Amino acid sequence: MNHPEYEAVIGLEVHAELRTASKIFCSCKTEFGAAPNTQCCPICMGLPGSLPRLNRYAVELAIRAGLALECEIAPRSKFDRKQYFYPDLPKAYQISQNKYPLCRNGRLQIRTAKGVRQIRITRIHMEEDAGKLIHSPDGTRIDYNRSGVGLIEIVSAPDLRSGEEASAYLRALRGILVTAGVSDCRMQEGSMRCDINLSLRRRGEEALGARTEIKNVNSFAFAEKAIQCEILRQSELLARGERVESETRRFDEALGCTVRMRKKESAADYRFLAEPNLPVLCISQEDLLPIRAAMPELPEERRARLCKDYGIAEADAVILTSEPALADYFEASAEHCTDAVKLSHFLLGELLRYCRSDPFRSPVSALRLAELVALWCEERINGTTAKRLLARLVEADFSPEAVAAQENLMQIRDRESLCAMIRAVLADSPKAVEDYRKGKLAALRALQGRLMAVSGGRADPMLGERILLEMLSEEDDEKERACE
Ligand code: ZN
Ligand code: MN
């Protein structure tokens, strides 16, 4: 799909809402979903004479993000006014950090089918969110509840090369921010949003081409899709000998492509100037100590630990740790299960197809999953029964062991019963027995199939096969004896 002679150069700017109870420069609440304009005050409404006061905890969360992404934390950083006119911005400027951001020079490890790559993080700065416009047929209203909610903006270097890599980056970033308690990163609620900067250049060239910015993409899938179609659009322009305009675009979900919004603003258009009402933000090494000490285990460390502690495959650990809630669920379930490897297979292979929510939430409790997998590991039920019971557990909670016993779903593993069934199968299938004697292996499969049918799918397949082979060879012996 990519034009072979061009290479995509992609950088992402991700805005994440800080998980603070109050806004970044006032004490208004940040709860999502409150009635419009019920969480505002003169400060976040931008009324003249109101003065901002920096939320200490917002700074701590931003530092946590910086540490988790291996950034340098600036001993001195500064707030600026980024000026632009838009109705959702009551002061007509956004308080942000321009020249002196809080964090610089970090990195993030991503994993795709092509392997592991380090993506450089250029900077992380703090800023405030804007309000929200609500459009309806009778006009546009403004909800200022979100105005002044604390954000960090995480800017990557232009190190990403494809939609797949961008999506892996966003997933890894969300995993880290959620785990570190920085943000809940709910894309559907807008607490994590992504701007994509994308240009093409001829392979082997260093200089960057003209870039477009795709604004406010709000899902991983849309980011990947937007990038794929923007690469295609730009490469077609270049192939026709036309120029790529430097412009701001947006991803149209219905059309499935990017559409032009406006000509790109340059930094000069924002007329940045220092925010005079906030002092320089000074962070000492001593300030960092307690924050560093309280950092939780991050996804990459957790991945390594899961492999070591539970003996699960690295690929499985990668998927589990991509979602903190999923890894939590696995560990909670593994506590009650002796075979963590089988548990991870069953969780990722079977249970996940019933989990559509984002972030991950399981319709089956961790304990129930463990009980079900244990029955299967102990070979008391077979794989087919395990899957059927899982489908029912998704609908209603019950004890898998009790139901399997009640409904006669347990595997038949006692020799007596299996021998009786197999004797009957052999007596009923002289043709198949005959074919088997002539060396047709398919006949053995047919006999096994009949055993499964006779047992209502409950015969232990391994033991059944062993007894079947024994009986077939016994009959041979008897025949030989008769001939002697
Ligand atoms: Zn306020
Ligand atoms: Mn920003």
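The protein has a radius of gyration of 31 Å, whereas a compact globule of 484 residues would have one near 23 Å. The radius is taken over C-alpha atoms, and the globule rule is 2.2 Å times the number of residues to the power 0.38. Along the principal axes, the C-alpha atoms fill a box of roughly 110 × 55 × 55 Å.

This is a predicted model, in which local features need pLDDT of at least 70 and side-chain atom pairs count only at pLDDT 80 or more, while totals for chains, interfaces and linings use all residues. Residues are numbered from 1 along each chain as its sequence is written, and side-chain values use heavy atoms, with hydrogens and water left out.

There are 15 helices and 16 strands; these are DSSP runs, helices being H or I with at least four residues and strands E with at least two, numbered from the N terminus. Of the 484 residues, 48% count as buried (under 20% relative accessible area, with exposed over 50% and partly exposed in between, using a 1.4 Å probe and protein chains only).

The largest nonpolar core has 66 residues, and those with the most contacts inside it are Leu12, Met126, Ile152, Tyr169 and Ile196. Helix 1 (residues 56–68) gives the most to this core, with eight residues. Apart from it lies another core of 35 residues, among them Ala317, Leu347, Leu375 and Cys377. Such a core is a set of buried Ala, Val, Leu, Ile, Met, Phe, Trp, Tyr and Cys residues joined through side-chain atoms within 4.5 Å.

Beyond its neighbours within four places in sequence, Tyr169 is in contact with residues including Leu12, Val14, Ile121 and Leu160; contact means heavy atoms within 4.5 Å.

Ala340 belongs to helix 8 (residues 340–349) and is buried, with a relative accessible area of 11%. Neighbours within four places aside, Ala340 is in contact with Tyr310, Ile312 and Phe330. From Ala340 to Leu67 the C-alpha distance is 32 Å, with their positions 273 residues apart in sequence.

Most residues other than glycine have a negative phi. Two residues with a positive phi are listed below.

| Residue | Phi | Loop | Relative accessible area |
|---|---|---|---|
| Glu70 | near 55 degrees | between helix 1 and strand 2 (72–73) | 45%, partly exposed |
| Glu379 | near 60 degrees | between helix 9 (366–377) and helix 10 (383–395) | 36%, partly exposed |

Notes: Chains lettered and ligands numbered in written order.
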